[in-house]
Amino acid sequence: MTAGRVAVAAAALLALAGCGSPSGTEAVTLNVSAASSLTEAFTRIADEFEADHPGISVALNFAGSSALAEQVNAGAPVDVLATASSETMTTVSDAGNAVDPRPFATNVLTIVVPSGNPAGVSGLADLSGSDVRTAICAPEVPCGAATAALLAATGESVDAVTLDPDVKSVLARVVADEVDAGIVYVTDARATVDKVDEVPIPEAGTAPTDYLVTRVIDSGSPDLADDFIALVTGPTGQQVLRDAGFGPS
Amino acid sequence: MNRAAAAARQPWYIAVPGVVAVAFLALPLLGLLGQAPWGGMWELLTSEEVLVALRLSLTTSLAATAVAVLLGIPLAVLMTRSRAFGGGWVRALVTLPLILPPVVGGVALLAAFGRRGLAGQVLFEGFGIQIPFTTVAVVIAEAFVAMPFLVITVEGALRSSDRRFEQAAATLGARRWTVFRRITLPLIGPSIAAGAVLCWARALGEFGATLTFAGSFPGITRTMPLAVYAALDVDRSQAIALSVVLLLVSVLILVGLRGRFLTGLRR
Amino acid sequence: MTGLTARVELDRGGFRLDATIDAAPGRITAILGPNGSGKTTLISAIAGLTAIDGGRITIDGVVVDDPDAGAFLPPDERRVGVVFQDYLLFPHLTVRDNVEFGPRSRRDVTGRAGAGEWMERLGVATLASRYPRDLSGGQAQRVAMARALATDPSVLLLDEPLAALDASTRLEVRRELRSHLGGFAGVTLLVTHDPLDALVLADDVVILEGGRVTQRGATDDVARRPGTPYVATLMGANLLHAVADSGVARTEDGVSVAIPDRSLAGEIVIVLRPEAISLHRRHPEGSPRNVWPVVVRELEPRLDRILVHVSGPPDLAVAVTPAAVADLDISPGTQLWASAKALDLDAYARTS
């Protein structure tokens, strides 16, 4: 019978995609969605969490904060969401999908230049005009919004050649030596310290980016989710974040 | 049921997957149309930001098509007429941009024309010219990704065209250039048009290679697809509206051109 | 010197073409041969579409191809017009643009006037704005002729010009072709496998078989005196090779034939027209006659006659009326007597 065959095929597909209903013998999986800039730190925190919780595995999903927020609002099976922008978290709260979002880290912006600083960049003031080719994030994304806020606070202006969709793209252009400077997060500069040089922005601390974490309302494992958040905000998680270059919230 | 209808009826193993395929292609488009903010559409379409991106998309995609036509037709001729270019390696090279992820194409273009690239280094150090982050870079990225559509279409037409027409022209006293211009090109004209339209459509939709190689800056390198992607982060409905614009422009031009080169075939 | 002289040697994967053609202006020379005899290759060499491996081609005294001297003129620099078998009219150009293509390509202004004149003369001027696919076979043939002639060629090559036409059109076009070609002062080479084309249109005939010329001469002479079984069959005649001595010839398979010319001696060729042979139920009376017992092999209806193929020796084709078939009650396997008067057969010394 055709309908029967279709049902069997659909079941097989679901099983392949890992969407089968959990059975008693299977390990419990905690789904954590986090902003791309948290990749290194959250990977280490997840390892700690799994060590403390035998039988539990953490599935990490890193992407741009906006995309993650949209997935959650669309009903994706996520237990914990960590964003790199309070505005993005607001869209999740407003949709009634966040349970008690709280800040857990901050990040500040910095200038990165190709190794050896060929264009001789010494600060934000050097990034205006067409002599220095600068890449920054598009104002639509969190790192771009932060950049805009910083520039507004300092009264400087930057003539960028490209407004990139995410901070990794900006960093990649600096690494490839296709631009003379880029504005990225300190944590990104720290992660690629062997490939780029950093030119700190003294005023950066005046406009830090807040990172927020929350349990998602439809989480199937609320207790585990809260445990994970506690680990992030506790001393162990905070130390890992400090090591990666994040500031205290 | 009358006999003609019975004869035309397709067996289920053709009809069912065929209809599924149509639904598969049509559903995402219908979804897009359904979610489009039709109310604010006109305002959005005439906004400075959209007009700038649309103008840039149209000019760069047309320029890329022109580049593809000017370089691609001679390449197709070489591939069919010259022993050296007829080999499998040229064909593989031409096909490569079709299967390469566009982002990889962008990285490859940087490796060639970036200021640390093979040719780009010479341009940069010798003349101070930097190609990335310029509108020229957008055209290059689009041409790189889209030219294969034209080359492969024209090459196929040349292979199946009757070379004896060219011989007949030669016996009538036509020199090679005259033969090429008045016989070879007109005979494959419909295929050139078809190839150019495919190429243009691909150039218009180009995203990955453009973002990687040319960057994204309004009015200079941010074409419609890049504007859609940028908008996606702030306002989903705006991104959808932009996509719908891109879709409508493509459909309008495709339909318009299709009518034209169909009449060309009939003539 | 004017006209065409061509000695063409060409090797094509096991096939060798080695033929000499001399043709004078104002005359039509038919190149007659079976399929695969090298006719099209020969034209292609003269037109410059194929380079020859050996020999020499000159047109009006100009060497256009001579591998030994390293001389080769490409097609566009030769004054050779070609009417291709399937015409190859340019599908995207109108009749007028097709015919004017040659003069325009040569930037020949008076030639464009000439194009109009040829279109007029060949009766295609009224079709000027049509496209090739809207032409009938006969019209397309005339447009192709006009296109080739508008370039004012020294040599006009017609490759099976009637082959693409249906039977009824062919008769009509064949009749017209002769008058159309009358207005052309250069050399005309007419390649064909149909002897009727040659008989009706050509002044001279060159027979090409297996890449070699096996016979050449004025059309009437070749038709009257076929030199090979191929030509004889083409012309519809029976051909017997024999050795003659004092009015009697003996064929290879031992048949005696009385011949009219008692002076012929040595190897001869006997041509027996199908109409010159009679069939009988019983051994015919009277003398002197050539009479052979034969068995009917096959009956082949022709326009107003029936061609009876009989096995001998000699094997013969005999033309009889349908009434005679009924009278004699002929069917395959019937045993009959075939007779021919000595005066009705042609015999001539074999030349090669």
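**Figure 1. The disulfide between A:Cys137 and A:Cys143.** In this predicted model, A:Cys137 is joined to A:Cys143 by a disulfide, with an S to S distance of 1.9 Å. A disulfide is a covalent bond between the sulfur atoms of two cysteines. The torsion about the S-S bond of A:Cys137 and A:Cys143 is about -100°, so the disulfide is left-handed. A search of the whole structure, over all chains, finds 1 disulfide.

**Figure 2. A salt bridge between chains B and A.** The side chains of B:Arg115 and A:Asp180 form a salt bridge, at 2.7 Å from N to O. The pair crosses between chains. On the side of chain B, B:Arg115 lies in the loop between α6 (102-113) and α7 (120-127). On the side of chain A, A:Asp180 lies in the loop between α6 (167-175) and β8 (181-185). Side chains of opposite charge can pair when their charged atoms come close. Over all chains, the structure holds 29 salt bridges. For the complex, the predictor gives an ipTM of 0.76 and a pTM of 0.74.

**Figure 3. Helix α2 of chain B and its kink.** Helix α2 of chain B covers residues 12-35. At 1.5 Å a residue, the 24 residues of α2(B) should span 34 Å; the C-alpha atoms at the ends of α2(B) are 33 Å apart, which agrees with that expectation. Within α2(B), a kink of about 30° lies at B:Ala26. The proline B:Pro28 follows shortly after the kink.

**Figure 4. A nonpolar surface patch of chain B.** B:Trp12, B:Tyr13, B:Ile14, B:Val16 and B:Val20 make a nonpolar patch on the surface, with an area of about 580 Å². Of these residues, B:Val20 is found in helix α2 (residues 12-35) of chain B, the helix that has its kink at B:Ala26.

**Figure 5. The helices of chain B.** The secondary structure of chain B comprises 14 helices and 0 strands. From the N terminus on, the elements of chain B therefore read as α throughout, in the order α-α-α-α-α-α-α-α-α-α-α-α-α-α. Taken along the principal axes, the C-alpha atoms of chain B fill a box of roughly 75 × 65 × 35 Å.

**Figure 6. Confidence of the prediction for chain C.** The average pLDDT of chain C is 83. In chain C, 93% of the residues score at least 70.

Definitions and conventions: Residues numbered from 1 in each chain as written. Chains lettered and ligands numbered in written order. Predicted model: local features only at pLDDT ≥ 70, side-chain atom pairs only at ≥ 80, totals over all residues. Heavy atoms only, no water. pLDDT = per-residue confidence, 0-100. Patch = residues over 30% accessible without salt bridge, like charges linked within 9 Å, V, L, I, M, F, W, Y side chains within 5 Å. Areas by Shrake-Rupley, 256 points an atom, 1.4 Å probe, with all protein chains shown as cover. Salt bridge = Lys/Arg side-chain N within 4 Å of Asp/Glu carboxyl O. Helix = DSSP H or I, 4+ residues; strand = E, 2+ residues; numbered from the N terminus. Expected span 1.5 Å × (residues − 1). Bend = angle between axes of the 7 residues up to and from the residue. Disulfide = S-S within 2.5 Å.
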